[in-house]
Amino acid sequence: MNRLDLNGRVCIVTGGVSGIGLAIARRMADSGASISLWDRDAAALEKVARELSAKAKVHTAQVDISSYEQVQTAARATAAHFGRIDVLVNSAGVAGKNAMVWEYPVDEWIRVHDINIHGTFYTCREVVPHMQKNGYGRIVNIASIAGKEGNPTASSYSSSKAAVIGFTKSLGKELAKQNITVNCVTPAAVKTPILEQVTQAHIDYMLQKIPMGRLGLVEEIAAMVCWLCTEDTSFTTGGVFDLSGGRATY
Ligand SMILES: NC(=O)c1ccc[n+]([C@@H]2O[C@H](COP(=O)([O-])OP(=O)(O)OC[C@H]3O[C@@H](n4cnc5c(N)ncnc54)[C@H](O)[C@@H]3O)[C@@H](O)[C@H]2O)c1
């Protein structure tokens, strides 16, 4: 594994205690960053903070990203703790239930959107002003191939991730002249605990759509995301990066 240059950068990773977010936090810790882990799981925050503290300065915020008030508090606490914020990775998210649209529970539809897209809006809304203060920033949102293609029985998830893609393009343009880039990645299925939320039939559907014939690895997602968080990607904003083992065709 090569070492990326995140020396001295203060990086927030929402959902940073599990799956893709955890792999990103680990790669950042190996790359010289200070890390603020934002998650709603207090026990996992404590455990992962203990692990990463061996390599990096670590701060934690127990936060439900679907609560705007909690996100405001977490952003203030992180800025006060480190004195600056350079990077925001939005990885916290849920898959939601599998069901046809005409049978989809309305409260579940709203919950998935509250977390996956409203939460991403809240974190960006609160963190961007800290980046503007320093004239530098990198934001990476974890969208999904489902947001480009639409997976059957996952309309709420697909719709929320399509919204993340559109949101990324809008914010990228808004910040284009401020040295703050905003990009997203669109993974196909990756082996993480989120797959426990969906049916085996749905996992089989996603797997057979991947030309490489396997699930993605969290380290593969972390490699691209962390590279997008470095200074090297200075001419790239509003971008949508494929991580799909060949599934994406556009
Ligand atoms: N694993 C996949 O197949 C896959 C594919 C494409 C995109 N993604 C996206 O990648 C991101 C990470 O997923 P993962 O597979 O690592 O899942 P995961 O379940 O392993 O991790 C998600 C993390 O988000 C946290 N979280 C969930 N809701 C939250 C909330 N309201 N507030 C704060 N924290 C919350 C969870 O506690 C958990 O730590 C998600 O946005 C997901 O949609 C995953």
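This report looks at the ligand's surroundings and at strand β1 in a predicted model.

## Around the ligand

Let's start with the ligand, which has 27 residues surrounding it. The closest of these are Gly-15, Gly-19, Gly-93, Thr-192 and Ile-194. Two elements, α1 (19-29) and α4 (106-134), each give two or more residues to this shell. The biggest contribution comes from α1, with three residues.

If you are curious about the chemistry of the shell, it splits by class into 13 nonpolar, 10 polar and four charged residues.

## Strand β1 and its burial

Now to strand β1, which spans residues 10-14. Five of its five residues are buried, so the strand is largely enclosed by the rest of the structure.

The side chains are worth a look in your viewer. Val-10, Ile-12 and Thr-14 point one way from β1, while Cys-11 and Val-13 point the other way. Residues on both sides of the strand are buried.

## Partners of β1

One partner of β1 is strand β2 (residues 34-39), which runs parallel to β1 and is joined to it by five bridges. Within this pairing, Thr-14 of β1 has Trp-38 of β2 as its bridge partner. Helix α1, already met in the ligand shell, combines with β1 and β2 into a right-handed β-α-β unit.

Strand β4 (residues 87-90) also pairs with β1, again in the parallel sense, over four bridges. Here Cys-11 stands opposite Val-87 of β4. Cys-11 is also one of the buried residues of β1.

Note on methods. Residues numbered from 1 in each chain as written. Predicted model: local features only at pLDDT ≥ 70, side-chain atom pairs only at ≥ 80, totals over all residues. Near = placed C-beta within 6 Å. Nonpolar A, V, L, I, M, F, W, Y, C, P; charged D, E, K, R; others polar. Buried ≥ 20, exposed ≤ 12 C-beta atoms within 10 Å, placed from the backbone. Pairing = 2+ DSSP bridges. Right-handed = clockwise from strand over helix to strand, strands pointing away.
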